[in-house]
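Biologist: Could you walk me through this model and show me how each label is earned? I keep reading words such as "buried" without seeing where they come from.

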Amino acid sequence: MILNTSKLKGPAAAIAMTLMALSPIGSASPLGNDPIRLVIPFGPGGGSDITARVLSATAPEFCGPRIDVVSMSGAAGLEAVNFVRNAPANGHTLLVSDYGPVVTSGFVDSVSWNHDDWQPVMNFTEWLPTVYTRPDHPIQSIEDWVAAARANPGTVTFGHAAPLGLVHLPLILFEAETGLENIHVPTSGGGETRSLIMGGHLDLGMTLPASIAAEVASGQLTAIGVFSDERSSVLPDTPTFREAGYEVSLPAWLMVFATRDVPKETIEHLQDCFMEALASPTAIAMSNRINAGITPLNSADSTVLYQATVESIGTILRSIGEIN
Amino acid sequence: MLDAFINALYLAFSPEVILYVAIGVLMGITLGAIPGLSGDMAIAILLPIVFFLEPAAALGLLTGIYKGGMFGGSISAISFGVPGTPGSAATAIDGYQAKLKGYPNKALNTALYSSVIGDTSSDFVLIFLALPLAILALTFGPVEFFALYAFSLLLISALTKGRVAKGVAMAALGILLAMIGRDPIGGSIRLTFGIPELAGGLALIPVLVGIFAVSELIIQLAKAWMERTQRIMDAARMQAQSLLGDYDASQDKLTFREFRATMKATWIGTTMGTLIGALPGAGSSLAAFISYGLAQRFSRNRDAFGKGSLEGVAAAEAGNSATSGSTLIPLFAFGIPGSATAALFGAAFILMGMTPGPRLIYDHTEVIYALFLILIYANVINLALSYFLLPLYSKIAMIQSRILLPIVCVLAILGTFAAGNSVIDVWVLLFAGLLGVVLRIYHFPLAPLILGFIVAPGAERALRQSLLIGRGEWSHLLSSPIAIGLYATAAIMILTFTVIMRERK
């Protein structure tokens, strides 16, 4: 569908897009004609937004109705979560989120739901938290970092986005494992972390591979290590912490969630048509173009992954005294 | 290189792309003029269009929206005293006063010319000076940022003589309001009084629109009610009023002399806007306020500021618009999105398969050259379109407020809801409106409140990051020459300003 319209030029494409949006093709879908909303608990323009848009651009053909991406970053993402939680349980309102607003918030914030109220429909991808620095910094490897932190405890400054987020928890876990101490400096996000590191204001930082892959390839940044079981496909030369001898692995994911009370058949239909859409040549081409590394998991596998994450995040938060 | 440039010329000046830029500019002006809605929102909604259009056409549309939105915000700032976008909050200070004196057209024209001058200069800086400026921007760490924020707060709080204490109090109130929600460093929730929806803090748009627009509406309502009671007692005063009141459009033309008199302010705004725009995270409202404050300090007609000074409009609007080119500098030089707009442009590049960063211009030379050309000529289109539309806008501005304000307020509430899809934002809007009424009645200046609210998150983060890095030593705040320079400049400016003011008495 996208390939067809991309041949159209200019205003015709815009009109075609509007028409497409208004006239869904597969009317045999159990979802009827009402649009599906993919609600993201973050602002527009980020990785989750961009990834969700691949689905919204390709899945209507397979799912039936039109699919909109709605961004609600209010209340640190909890507004989006609560909005989906309170929407009618008909599969038309879904949450696309990493573990922060669902798993971590479910532990540390006062919310009216618990982790069992969420049902994974599908997982887009796994994100591997990566430690990096600038190339002229004395720390250039995991070993350098450990040596520097042992020689002068509490002197290495480490930038990460929001506290307890997916690029901070791995650091906490690593420190618990090794007994090392660093200065944790929260930033407003990946962009700020990166400019503070490049400007020499911070020593190390954590981010996700896709956002630094180009700079690492061109020698502007050094990726030191990845907190995952296996190396990242976009940073093939960067070792994992496991390879360096530290059993610390805390990959993040990006899942589509429905609430627990959505009927089983609806979840299955959504899972099937989402997986089918993401396997289409258009979706694969788009995924490659945006470097999203989409490797979808079905509902059952995603559920296993989700429950494992709830388990491990709970353990970390208990170990640092954040929850009882 | 020359080949690439010629191809880029063909790309940028194809009729289709020009049409998209023009559509974008029109959309941007319209959305920017509606309080609560901004060009950024339209760009976010229209992002998927990059899947459907050629890169040059898509970038043309987004650029047009961005530039139109930058200027559009000043239309409602001047016409209704309600900044259409956060960046035009400083424009509202003098622009609305100018309108109240009966010359909205002069103010709007000043805003347009200074906006286009600021924007175009900034685009040239992006094209020719991106790398040196980006490297300079990287020297700004937490210590330097905190100094910059402190500088801006001092500058704006001490803006009006005799009201410095009120100004400082308002800045403090703004900072306090901005602290509601999640502590950016510790992550705990503070000052929410147990209301879970406030955990994310008060959003900027509802606070801005509430303080400026809703409070104005409430005051006008009260006034109308008083007048009505008056009228029942005094029936003779009843007379039919024309829709436009006694506005005389022929008396409201910007003369060349008036335009020339604003040039100094425009260049101050252009310089500050370009520099501040290049700093990741600083933003267009900060640039506009600093430009306004500096232009007042360096103006010969200092006393006219706050009372409808065209220089005030020019400085604020040039400062706001001059961020538009330079905000893309960190994105082009290092792949760092320095602002919400830059993040959206970054996303557009990614969706088109282009990775933002230093390789961008080498890997996609033609498209990027075309974008540079579009950035420049979009200003010309903006100038041309706005030139024809402004007389219309000034007439709208002079429609009597009893008709206009309710419409503006409905648009503001809808716009606020659309911005965050959030009902709590509408409540914040109404409460901010009530707060605005109280502050207006007791003559508290609103600008320091808004600036305090806008810079507080960044200033708090910068302060606490500095202290974390300096391991709790406050002397770390003076560890950088840039920071010391900023503090010294602020001190000297405030001292000379006070002395000059005292001598004039």
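Modeller: Let's go through the two chains, then a handful of residues, and keep in mind that this is a predicted model.

Biologist: Fine, start with chain B. What makes you say that its radius of gyration agrees with a compact globule?

Modeller: Chain B has 505 residues, and a compact globule of that length would have a radius of gyration near 23 Å. The value for chain B is 23 Å, so the two agree. As for the building blocks, chain B contains 22 helices and two strands. Its C-alpha atoms fill a box of roughly 75 × 60 × 50 Å along the principal axes.

Biologist: And what about chain A, how do you know whether it agrees or disagrees with the globule rule?

Modeller: Same recipe. With 324 residues, the rule gives a radius near 20 Å, and chain A has 21 Å, so that counts as agreeing. Chain A is built with 13 helices and ten strands, and its C-alpha box is roughly 65 × 50 × 30 Å.

Biologist: How much of each chain counts as buried?

Modeller: In chain B, 58% of the 505 residues do. In chain A, buried residues make up 56% of the 324.

Biologist: Let's try that word on one residue. Why is B:Ser386 called buried?

Modeller: The cut-off for buried is under 20% relative accessible area. B:Ser386 has 1%, so it is buried. You'll find B:Ser386 in helix H18, residues 365–397 of chain B. Leaving out neighbours within four places in sequence, B:Ser386 is in contact with B:Ile29, B:Phe71 and B:Leu112.

Biologist: B:Lys106 carries a charge in your counting. Why does B:Lys106 get the label it has?

Modeller: Its relative accessibility is 14%, and since buried means under 20%, B:Lys106 counts as buried. This residue is part of helix H6, residues 104–138 of chain B. Setting aside neighbours within four places, B:Lys106 is in contact with several residues, among them B:Asp252, B:Glu258 and B:Leu310.

Biologist: Now one in chain A. What makes A:Thr178 buried or exposed?

Modeller: A:Thr178 comes out at 15%, which is under the 20% limit, so it counts as buried. A:Thr178 sits in helix H8, residues 169–178 of chain A. Not counting residues up to four places away, A:Thr178 touches A:Arg150 and A:Tyr246. A:Thr133, by comparison, is 45 residues away from A:Thr178 in sequence and 20 Å away in space, C-alpha to C-alpha.

Biologist: Why is B:Leu191 called partly exposed?

Modeller: Partly exposed covers the range between the 20% and 50% cut-offs. B:Leu191 has 37%, so it falls in that range. B:Leu191 lies in the loop between strand E2 (189–190) and helix H9 (204–233) of chain B. Its phi is near 55 degrees, a positive value in a residue other than glycine.

Biologist: And what makes B:Arg471 exposed?

Modeller: Exposed means over 50%, and B:Arg471 has 57%, so it earns the label. B:Arg471 also has a positive phi, about 50 degrees, although it is not a glycine. Look for B:Arg471 in the loop between helix H21 (446–469) and helix H22 (481–504) of chain B.

Biologist: How do you know that chain B is in contact with chain A?

Modeller: Contact means heavy atoms within 4.5 Å. By that test, 50 residues of chain B are in contact with 48 residues of chain A. The area buried between the two chains is about 3,800 Å², and carbon and sulfur atoms give 65% of that. On the chain B side, B:Phe51, B:Phe52 and B:Leu138 lose the most area to chain A, together 18% of what that side buries.

Biologist: Last one: what do the surfaces and charges look like?

Modeller: Chain B exposes about 20,400 Å², with 70% supplied by carbon and sulfur atoms. For chain A the accessible surface is about 12,500 Å², and 52% belongs to carbon and sulfur. Chain B has 31 positive and 26 negative charges, whose mean positions are 12 Å apart. Chain A has 15 positive and 32 negative side chains, with the centres of the two sets 7 Å apart.

Terms used
Residues numbered from 1 in each chain as written. Chains lettered and ligands numbered in written order. Predicted model: local features only at pLDDT ≥ 70, side-chain atom pairs only at ≥ 80, totals over all residues. Heavy atoms only, no water. Helix = DSSP H or I, 4+ residues; strand = E, 2+ residues; numbered from the N terminus. Rg over C-alpha atoms; globule rule 2.2 N^0.38 Å. Buried < 20%, exposed > 50% of the residue type's maximum accessible area, 1.4 Å probe, protein only. Areas by Shrake-Rupley, 256 points an atom, 1.4 Å probe, with all protein chains shown as cover. Charge placed at Lys NZ, Arg CZ, Asp CG, Glu CD. Buried area = accessible area lost by both parts, 1.4 Å probe.
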